[in-house]
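Reader: I would like a close look at one part of this protein, the helices and the nonpolar residues that they bring together. Please take me through that part with care, giving the cut-offs behind each term.

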Amino acid sequence: MERKDYETANGLFRNLIDSGFPLPQEMPYFFAETLFELGQYDNSSNFLNKYLELSGFTGDHYQGAKELQKKLEAPLNAIQVCQLCDRRGYRYNECFTCDGNKQIEQDCNYCKAKGVVGCSRCAGTGMITRINVFNIPEFYECERCSGNGRLTCPVCKGSKKEVSACKTCSGSGRLTSEHLCDHKAESHEH
Ligand SMILES: [Zn+2]
Ligand SMILES: [Zn+2]
Ligand SMILES: [Zn+2]
Ligand SMILES: [Zn+2]
């Protein structure tokens with residue numbers, strides 16, 4: 001909901017830029033104020049910086065902008081030091097794929113979860129054929145696989161399982177949610 005508000009505001013802003021009309025100079029300032037009220041401090045700061053960049057000292061709301069900048073300091077700082085939210089102040093959730101473990105165990109792809117692979121030296125037969133000087137084939141036990149024709153999978157070492165970084169969360173164990181963070185750890189008391 002809160003993010004939607006921002007997207008609406010941001011969309012409006014984009015449309016104004018794209019329309020080619022001269023941008024109302026005070027617009028970014030009003031957005032910054034609105035977003036501050038919505039608790040979207042990072043977005044507010046972006047618009048405020050945009051305003052100061054565009055208007056410099058000459059803007060009608062230069063004074064207000066400076067005050068807003070001061071008001072933003074504390075909440076922006078709180079976001080910075082908080083471990084529970086991302087840089088924009090949105091709360092992290094535990095990744096639903098890996099349950100926060102950062103990696104997932106899945107069937108070994110190399111051996112297709114068999115735990116063994118065919119020996120390449122003897123083509124899985126366990127025997128090596130050599131033609132001797134009399135042009136007669138001689139059979140030897142393959143020394144690589146000890147005549148088994150199969151080898152323990154080099155990837156999973158026979159466990160049939162492979163552990164890899166979780167793709168859903170790129171191995172971070174967490175995902176950004178749509179909720180603004182209050183920077184307080186969830187209480188587990190009931
Ligand atoms: Zn072999
Ligand atoms: Zn394997
Ligand atoms: Zn994950
Ligand atoms: Zn936080």
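Author: What follows goes from the overall layout to the cores and then to two of the helices.

This is a predicted model, in which local features need pLDDT of at least 70 and side-chain atom pairs count only at pLDDT 80 or more, while totals for chains, interfaces and linings use all residues. Residues are numbered from 1 along each chain as its sequence is written, and chains are lettered from A and ligands numbered from 1 in the order in which they are written.

The protein has four helices and eight strands, where helices (H or I, at least four residues) and strands (E, at least two) are DSSP runs numbered from the N terminus. Along the sequence the pattern reads α-α-α-α-β-β-β-β-β-β-β-β. Of the 190 residues, 17% are buried, a term for residues with 20 or more other C-beta atoms, placed from the backbone, within 10 Å of their own.

The largest nonpolar core (a set of buried Ala, Val, Leu, Ile, Met, Phe, Trp, Tyr and Cys residues joined through C-beta atoms within 7 Å) has nine residues, namely Tyr29, Phe31, Ala32, Leu35, Phe47, Leu48, Tyr51, Ala65 and Leu68. Two or more of these residues come from each of α2 (27-37), α3 (41-55) and α4 (62-81), and α2 gives the largest share, four residues. Once neighbours within four places in sequence are left aside, Phe47 is in contact (C-beta atoms, placed from the backbone, within 7 Å) with Pro28, Phe31, Ala32 and Leu35. A second, separate core of six residues includes Tyr41, Ile79, Cys85 and Tyr90.

In α3, the buried residues are Tyr41, Asn43, Ser44, Ser45, Phe47, Leu48 and Tyr51. The 15 residues of α3 should span 21 Å at 1.5 Å a residue, and its end C-alpha atoms are 21 Å apart, which agrees; the expected span is 1.5 Å times one less than the number of residues. Just after α3, Gly56 takes a positive phi of about 60 degrees.

In α4, Ala65, Leu68 and Ile79 are buried, and the buried residues of this helix pack against α2 and α3. At Glu73, α4 bends by about 35 degrees, with a proline, Pro75, following within four residues; the bend is the angle between axes fitted to the seven residues ending there and the seven starting there. For the 20 residues of α4, 1.5 Å a residue gives an expected span of 28 Å, and the end C-alpha atoms are 29 Å apart, which agrees.

Conventions: Buried ≥ 20, exposed ≤ 12 C-beta atoms within 10 Å, placed from the backbone. Contact = placed C-beta atoms within 7 Å.
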